[in-house]
Each structure stands twice: as C-alpha cells, then as structure tokens.
Amino acid sequence: AGDLAAITRLLASPDPAVVMSAINACAAWKIKAAISPLAAITHDTARPAAQRRAAINALGGLPGDEARETLVAVAGGRDAAEEDRAAAITALVSQWPDAAARQAATFLTAASDLKALDAVFRGFLATKAAATTLATVIDAERVALPTAAVQAGRQAISSAGRQEPELEQALAAAGTRFGGSTPLVAGRHAMRGADLDAFVELVHT
C-alpha cells in the first residue's frame, strides 16, 4: 500500500517524465486512490496535452463514479480541446458505453478535428457491441451529423474491415437529417447525392 501511495504522490512531481511514468503506473496497477489527482490533471490546461490524455486514458480503466463523472465532464467540456474530448469519450466506452454514446452524439455534431472524429469512431468499433450502442443513441436522439462526421464514421468502419450495418444506417440517416449527402443505399457502398447526379448524367449521355 505504501508503494502505491508513493506512486500517487509522484503525480505532483515537477518533472514531466516522472509524471508520465506515474500516470502509466496508476493505470497499470489500477490505483483507485489516484482517481482524484488524475482527475485534476485532466482539467489542468497548463499541463502538456500528453499528460492530460494519459490521465484521461488511465481513468478509463479505473472503477467508480468519480472516474466516470470526470470523463463525462471532459467529454462534454465545450472549452476543452477536441482531442481531449475525443479521448474522454473513447475512455468511457469500455466501462460505460451508454454514457460514451450520449457524449459522442453531441460531440460529433460540431467537432471539426478529423483526428478527433476518427478517434471517437475507432473507440466504439474497438469494443464489442459499442458501435450498435452509438447507432441506437444517434437514432433515438435524431442526431443530425455534418458530412465530415458521417465520412469519418464510414471510413473508420471500412478500416475496421467488417460490416456494422446498424451504425452505417444510423450515419446515413443522421447525414440526411443534417441536409448533407443523401445515400442511395446505406452502407459501405452508399452513393452520395453528387455521385448519383453524375451517374444519372453519364447514363443519359
């Protein structure tokens, strides 16, 4: 117990390398006593981004309401960096997929960072049945997604190398609600509105 407490105290070290090592140790050992100091790191914008995201990832593997509530707060923080918010959503997925999906549904409507969008979709695709949970929330809340988010989701599904029909259909519907590209058929081989127009013109020439 003494060794674990010592690791937790290292989170306050002025040496960034020591802090990163301590964060990783807290994650590996699942040190519950580290939840509060890790939570403080996630909200400290003066910290290096790498430290904040490492702390976010560590919290995703720790049990309890405080860890979940911290991640939800970061994920929903409109003033937080989009990569931090994406990391928090991804960290929620394995233990709290419903909370992750609700946060993702909001995040995906306005996020502009393509790396962050990709990270969120990959987080859901990496956890069994989580993609279906995300699809359910998108449909239930009638979320409208811009083209960039829809395309990021489709690309992530394609990269995963498997079919995710529920999520593909939810993305198609969300894109239509936004007023963007309207697929001819939902799924990996969907034809966008502009592509359909070009196809019709080709057929008529």
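Which helices do the buried residues of H4 pack against? In this predicted model, the buried residues of H4 pack against H2, H3, H5 and helix H6 (82–93). Helix H4 is a good place to begin, and the rest of this report moves outward from there.

## The chain as a whole

The protein chain holds 12 helices and 0 strands. Read along the sequence, its pattern is α-α-α-α-α-α-α-α-α-α-α-α. The chain has 205 residues, of which 40% count as buried. Among contacts with a separation of 6 or more, 61% join residues that are 24 or more positions apart.

## Helix H4 and its partner H2

The buried residues of H4 are Gln 51, Arg 52, Ala 54, Ala 55, Ile 56, Ala 58 and Leu 59. Several of these names return in the packing of H4 with H2. Two packed helices are described by the angle between their axes and the distance between the axes. For helix H2 (residues 16–29) and helix H4 (residues 49–59), the angle is about 10° and the axes are 9 Å apart. That angle makes H2 roughly parallel to H4. On the H2 side, the contact is made by Pro 16, Val 19, Met 20, Ile 23 and Ala 27, and on the H4 side by Ala 50, Gln 51, Ala 54, Ala 55 and Ala 58. Sorted by class, the contact of H2 with H4 has 9 nonpolar residues, 1 polar residue and no charged residues.

Gln 51 deserves its own look. This residue lies in helix H4. Is Gln 51 buried or exposed? Its relative accessibility is 5%, so Gln 51 counts as buried. Leaving aside residues up to four places away in sequence, Gln 51 touches Pro 16, Val 19, Met 20, Ile 23 and Ile 41.

## Helices H3 and H5

Now for another helix pair. The axes of H3 and H5 come within 10 Å and cross at roughly 5°. H3 and H5 are therefore roughly parallel to each other. From H3, the residues Ile 35, Ser 36, Ala 39, Thr 42 and His 43 meet Glu 66, Ala 67, Thr 70, Ala 73 and Val 74 in H5. By class, this contact of H3 with H5 has 5 nonpolar, 4 polar and 1 charged residues.

## The second largest pocket

Rolling a probe the size of a water molecule over the atoms shows where empty space is left. The second largest pocket has a volume of about 150 Å³. Its lining consists of Thr 42, His 43, Asp 44, Thr 45, Arg 52, Ala 73, Val 74, Gly 77, Asp 79, Ala 80, Ala 81 and Asp 84. Which elements give two or more residues to this lining? They are helix H3 (35–43) and helix H5 (65–75). Thr 42 and His 43 of H3, along with Ala 73 and Val 74 of H5, are also part of the contact between those helices. Arg 52, one of the lining residues, is among the buried residues of H4. The lining residues divide into 4 nonpolar, 4 polar and 4 charged.

## Individual residues around the helices

A few single residues are worth finding in the structure. Here are four of them, with their places and accessibilities.

| Residue | Place | Relative accessibility | Class |
|---|---|---|---|
| Leu 10 | loop between helix H1 (2–9) and H2 | 40% | partly exposed |
| Asn 24 | helix H2 | 46% | partly exposed |
| Lys 30 | loop between H2 and H3 | 49% | partly exposed |
| Arg 142 | loop between helix H9 (130–140) and helix H10 (147–160) | 58% | exposed |

Leu 10 touches Val 18, Val 19 and Ala 22, not counting residues up to four places away in sequence. Leu 10 and Ile 23 are 13 residues apart in sequence, and their C-alpha atoms are 8.7 Å apart in space. Asn 24 and Ile 7 are 17 residues apart in sequence, with a C-alpha to C-alpha distance of 9.9 Å.

Which value does phi of Lys 30 take? Phi of Lys 30 is near 50°, a positive value in a residue other than glycine. Arg 142 has a positive phi of about 50° and is not a glycine either. Arg 142 counts as exposed because its relative accessible area, 58%, is over the 50% cut-off.

Technical notes
Residues numbered from 1 in each chain as written. Predicted model: local features only at pLDDT ≥ 70, side-chain atom pairs only at ≥ 80, totals over all residues. Heavy atoms only, no water. 1 Å grid on protein atoms, 1.4 Å probe; cavity = no way out; pocket = protein on both sides within 12 Å on 5 of 7 lines; lining within 4 Å. Points joined across faces, edges and corners; volume = space filled by probe spheres on them. Helix = DSSP H or I, 4+ residues; strand = E, 2+ residues; numbered from the N terminus. Nonpolar A, V, L, I, M, F, W, Y, C, P; charged D, E, K, R; others polar. Axes fitted to C-alpha atoms, helices over the stretch in contact; angles between N-to-C directions. Parallel < 35°, antiparallel > 145°, perpendicular 65-115°, else oblique. Contact = heavy atoms within 4.5 Å. Buried < 20%, exposed > 50% of the residue type's maximum accessible area, 1.4 Å probe, protein only.
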